[in-house]
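Good morning, everyone, and thank you for making time for this short talk. Please have the sequence and the picture ready, since I will move back and forth between them.

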Amino acid sequence: MKNGELLELEELAQNRTGLARQALFDKVSDLAFADGERSPQVQTMLDEIMSGLIRHVEKEVRATLAQRLSTVTDAPPKLLRFLAEDEVEIARPILQRSPCLVERDLLAIIAAGQTGHRQAIASREKVPEPVTRALVDCDELPVMETLLRNPGADISRTSLRKLTDRSRESENLSRLLIARPGLPPELAHRMFWWVSAALRAQILDFSDIDEIRRTAE
């Protein structure tokens, strides 16, 4: 970053008007996404400025920036976290796609966010087991259904058992569980006694649960 650019940023930062804040945010955004290497100090400075300004810019600007950051591999961490915790409509692309969100970040957002945030996390290409466990423990049907539809979600046997017990109250959850590859036969057996006739027929079609067939007969 050149001295002239720093002077321009300082002048804009001293101006408290809304237009100046927007101009400063636009300028810093251009610098943050510009090609070329930047020192860690400059990267940190840009992150501090943008994360401080982002709360003062329009919702549409935040949404556009979130889309832009969702696939960046070296996104400014403070700014990324702020946007990931923003309104669900803004946060969604980051929660679904950002490679910069690590397990610790996802668990914190699950604990503090809303159902929409958790549902977006549940749809990530890869969802590690500690994250799926936290999502299941929140006991929200839309989130559970999203997890079961996601082949990249690593769901433990313990979580599958919780989902199975929850499916007593949701035919759709039962349907998704039965369709889930690798569902343990004993969990299918548990569901057999409360699902619809159509789903019972699907369970009986499982080649490795002869015990269910014998019990049903």
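I will begin with the chain as a whole, then turn to two pairs of helices, and finish with a few single residues.

Before anything else, please keep in mind that what you are looking at is a predicted model. The protein chain has 15 helices and zero strands, and of its 217 residues, 41% are buried. If we take the contacts in the chain whose separation in sequence is 6 or more, then 56% of them are accounted for by residues 24 or more positions apart.

Let me stay with the inside of the protein for a moment. Which residues in the largest nonpolar core touch the most other members? That core holds 47 residues, and the ones that touch the most other members are Leu83, Leu95, Ile121, Leu135, Leu147, Leu148 and Leu163. To take one of these as an example, Leu148 is in contact with Ile155, Leu160, Leu163, Leu173, Leu176, Leu177 and Arg180, once we set aside residues up to four places away in sequence.

Now to the first pair of helices. Helix H4, which covers residues 59-69, packs with helix H5, residues 77-84, at an angle of about 120°, and their axes lie 10 Å apart. Because of that angle, H4 is described as oblique to H5, and the crossing in which H4 passes H5 is left-handed. On the H4 side we find Arg62, Leu65, Ala66 and Leu69, and these meet Leu79, Leu80, Phe82 and Leu83 on the H5 side. Sorted by class, the residues of this contact comprise seven nonpolar, no polar and one charged.

How buried or exposed is Arg62, a residue of helix H4? Its relative accessibility is 11%, and since buried means under 20%, Arg62 counts as buried. Not counting residues up to four places away in sequence, Arg62 touches Ile54, Val57, Phe82, Leu83, Asp86, Glu87 and Ile90.

From the other side of that pair, I would like you to find Leu79, which sits in helix H5. With a relative accessibility of 0%, Leu79 counts as buried, and, leaving aside neighbours within four places in sequence, Leu79 is in contact with Asp47, Met50, Ser51, Ile54, Leu65 and Leu69. The C-alpha atoms of Leu79 and Ile49 are separated by 9.1 Å, although these residues are 30 residues apart along the chain. A similar exercise can be done with Leu53, which is found in helix H3, residues 40-53, and which counts as buried at 11% relative accessibility. Leu53 and Leu79 are 26 residues apart in sequence, and from C-alpha to C-alpha they are 9.5 Å apart in space.

The second pair is made of helix H12, residues 171-179, and helix H14, residues 197-204, whose axes come within 11 Å and cross at roughly 15°. An angle of that kind makes H12 roughly parallel to H14, and here H12 passes H14 in a left-handed crossing. The residues that meet are Glu171, Ser174, Arg175 and Ile178 in H12 and Leu199, Gln202 and Ile203 in H14. By class, this contact has three nonpolar, two polar and two charged residues.

I will close with three single residues. Ser159, in helix H11, residues 157-166, is buried, with a relative accessible area of 1%, and apart from neighbours within four places in sequence Ser159 is in contact with Arg133 and Val136. Asp139 belongs to the loop between helix H9 (129-137) and helix H10 (141-149), and at this position the backbone has a positive phi of about 60°, although Asp139 is not a glycine. With a relative accessible area of 41%, Asp139 is partly exposed.

Finally, Glu186 is found in helix H13, residues 185-192, and counts as partly exposed at 36% relative accessibility. Glu186 and Arg161 are 25 residues apart in sequence, while their C-alpha atoms are 9.5 Å apart in space. Thank you for listening, and I am happy to go back to any of these places in the picture.

Technical notes
Residues are numbered from 1 along each chain as its sequence is written. This is a predicted model: local features need pLDDT of at least 70, side-chain atom pairs count only at pLDDT 80 or more; totals for chains, interfaces and linings use all residues. Side-chain values use heavy atoms; hydrogens and water are left out. Axes are lines fitted to C-alpha atoms, for helices over the stretch in contact, and angles run from 0 to 180 degrees between N-to-C directions. Helices (H or I, at least four residues) and strands (E, at least two) are DSSP runs, numbered from the N terminus. Angles under 35 degrees count as roughly parallel, over 145 as roughly antiparallel, 65 to 115 as roughly perpendicular and the rest as oblique. A crossing is left-handed if the near helix is turned anticlockwise from the far one by less than a right angle, and right-handed if clockwise. Contact means heavy atoms within 4.5 Å. Ala, Val, Leu, Ile, Met, Phe, Trp, Tyr, Cys and Pro count as nonpolar, Asp, Glu, Lys and Arg as charged, and the others, Gly among them, as polar. A nonpolar core is a set of buried Ala, Val, Leu, Ile, Met, Phe, Trp, Tyr and Cys residues joined through side-chain atoms within 4.5 Å. Buried means under 20% relative accessible area, exposed over 50%, partly exposed in between (1.4 Å probe, protein chains only).
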